[in-house]
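Me: I am new to this structure and should like to understand the terms applied to it. Please set each value against its definition.

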Amino acid sequence: MFEKRQHLLYFSLFFILYELTVYLSNDMIMPAMPQVVREFQASNRHIGLSLSLFILGGSMLQIFLGPIADRVGKRKVMLAGVTLYLVATACVPFSATIGQFLTARFFQGMGSCFIFIGYAAIHELFDDAEAVKLTAMLSNTTVFAPLIGPVVGSAVISMFPWQSIFGIGFVLGCIAWLGLFTFMPRTEAVKPRADLAAIRASYLTILRNKKFMSGILIAAMSITPLTAWIGLSPLIIMEHMGQSYGTYILYQLVIFSGFILSTMAIQKLGDGFSLTRLIRQGAGLAVIGMLGAGLVYRHGHLFIVCMFIFSAGFGLFNGALIRLSLTATGVSMNLTSSAMSLLYCVYIAAGVEIYNLVCARFDYSLASYALFNVPLGVLIGICLMRFASKHDGQETALAQSPQAE
């Protein structure tokens with residue numbers, strides 16, 4: 001039993017490394033994006049577009065990957081996904097035009113399509129309390145990347161060409177592939193042949209589930225301000241505000257450390273914690289942070305403190321919101337997770353493009369970003385409170401036996 005559990009923990013660690021590597025590939029290049037668009041003689045709008053296409057690429061394959069994973073097993077699909085990421089990452093440095101760069105980034109983003117496979121495995125192999133804690137830890141990778149990504153990226157481009165950043169992503173991806181090959185549980189095919197009618201019916205069941213659909217929409221709306229900040233902050237801080245790389249890095253560290261601290265706090269909770277209570281407490285912090293950021297945007301440091309508060313609130317409710325949404329359908333976790341990942345990425349990509357259009361209209365000023373957050377923050381808070389109220393007493397926070405695939 002101990003060896004089996006240790007094996008699962010090693011699988012979780014290498015999966016975390018892969019997820020971190022995928023997001024680092026995006027976040028390390030962000031400090032260099034003004035340099036990239038100048039090199040390709042392109043407009044600043046391509047900086048936000050690069051992030052949107054990377055995210056959109058991460059939404060293209062999920063609807064197919066769920067049924068394939070059910071048929072051939074998660075391990076084979078996961079390893080194929082890491083391979084696709086490695087090939088695309090190797091192609092990015094050889095781009096000769098901004099179009100080629102954006103195309104390669106789109107395919108590189110497809111590597112994130114396969115991340116849901118690891119999440120589905122964790123939700124099946126661990127009980128509710130452990131799954132929420134692991135989900136919170138895994139979610140840290142999406143925020144830990146913008147913590148260390150700008151630091152590493154800035155250091156790399158100060159000494160080497162920007163293309164070197166993708167060399168780092170390739171090496172880390174190779175290590176993750178070897179670890180997953182060694183430790184990801186082997187599974188047999190669940191279905192000898194794909195039953196297209198059954199798959200269609202399953203997806204329709206998922207998409208008709210109001211609890212699932214509302215939860216994923218709220219989760220995507222909630223992370224969009226942070227994702228948009230990742231893509232637009234180089235322009236806002238360094239181009240419009242005229243601040244240094246050091247200030248840019250400091251702002252990122254402060255904002256995203258809020259998420260890290262709140263998810264670390266979740267790890268300290270006992271097994272019987274209430275998921276809806278986490279959602280309510282996180283929603284309160286998030287709304288305070290968003291409204292505060294809109295009020296004090298003229299004072300850069302106070303704006304960053306308020307964004308730290310929003311980030312901390314997001315860290316509290318995100319894992320619980322995702323857990324309640326995923327377990328609502330009663331359908332295969334592979335299919336449910338693939339539908340989640342598809343919708344999540346499409347919503348976020350659309351949201352980032354809206355932020356990009358609004359901020360471009362006002363020359364990427366901090367005011368345009370901060371004031372756009374105000375109505376969105378109020379909407380997020382209302383949606384989270386309604387979601388929690390509708391699902392009081394329905395959360396499954398009691399320990400259960402881990403499920404084998």
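Me: Why is Ser154 called buried or exposed?

Reply: Ser154 has a relative accessibility of 11%, and buried means under 20% relative accessible area, exposed over 50%, and partly exposed in between (1.4 Å probe, protein chains only). Ser154 therefore counts as buried. Ser154 belongs to helix α8 (residues 128-159); helices are DSSP runs of H or I with at least four residues, numbered from the N terminus. Setting aside residues up to four places away in sequence, Ser154 touches Pro31, Tyr245 and Ile249, where contact means heavy atoms within 4.5 Å.

Me: What kind of model is this, and how are its residues numbered?

Reply: The model is predicted: local features need pLDDT of at least 70, side-chain atom pairs count only at pLDDT 80 or more, and totals for chains, interfaces and linings use all residues. Residues are numbered from 1 along each chain as its sequence is written, and side-chain values use heavy atoms, with hydrogens and water left out.

Me: What makes Gln41 exposed, and Tyr364 buried?

Reply: Gln41 has 76% relative accessibility and therefore counts as exposed. Tyr364, at 7%, counts as buried. Gln41 is placed in the loop between α2 (33-39) and α3 (45-57), and Tyr364 in the loop between α15 (333-361) and α16 (366-390). Gln41 has a positive phi of about 55° although it is not a glycine; for Tyr364, also a residue other than glycine, phi is positive and near 55°.

Me: How do you know that the largest nonpolar core lies between two domains?

Reply: A nonpolar core is a set of buried Ala, Val, Leu, Ile, Met, Phe, Trp, Tyr and Cys residues joined through side-chain atoms within 4.5 Å. The largest has 96 residues, and Trp229 is one of those with the most contacts inside it. Helix α11 (residues 210-240) gives the most to this core, with 16 residues. Domain 1 (1-141 + 149-183) and domain 2 (194-386) both give residues to this core, so it lies between them; the domain bounds come from an automatic or database domain assignment.

Me: Which residues does Trp229 contact, leaving aside its neighbours within four places in sequence?

Reply: The contacts of Trp229, with those neighbours left out, include Phe256, Phe303, Leu366 and Tyr369. Apart from this core lies another, of 26 residues, among them Phe54, Leu65, Ala69 and Met78.

Me: Why is Ile168 called partly exposed?

Reply: Ile168, in helix α9 (residues 164-183), has a relative accessible area of 30% and is therefore partly exposed.

Terms used
Helix = DSSP H or I, 4+ residues; strand = E, 2+ residues; numbered from the N terminus.
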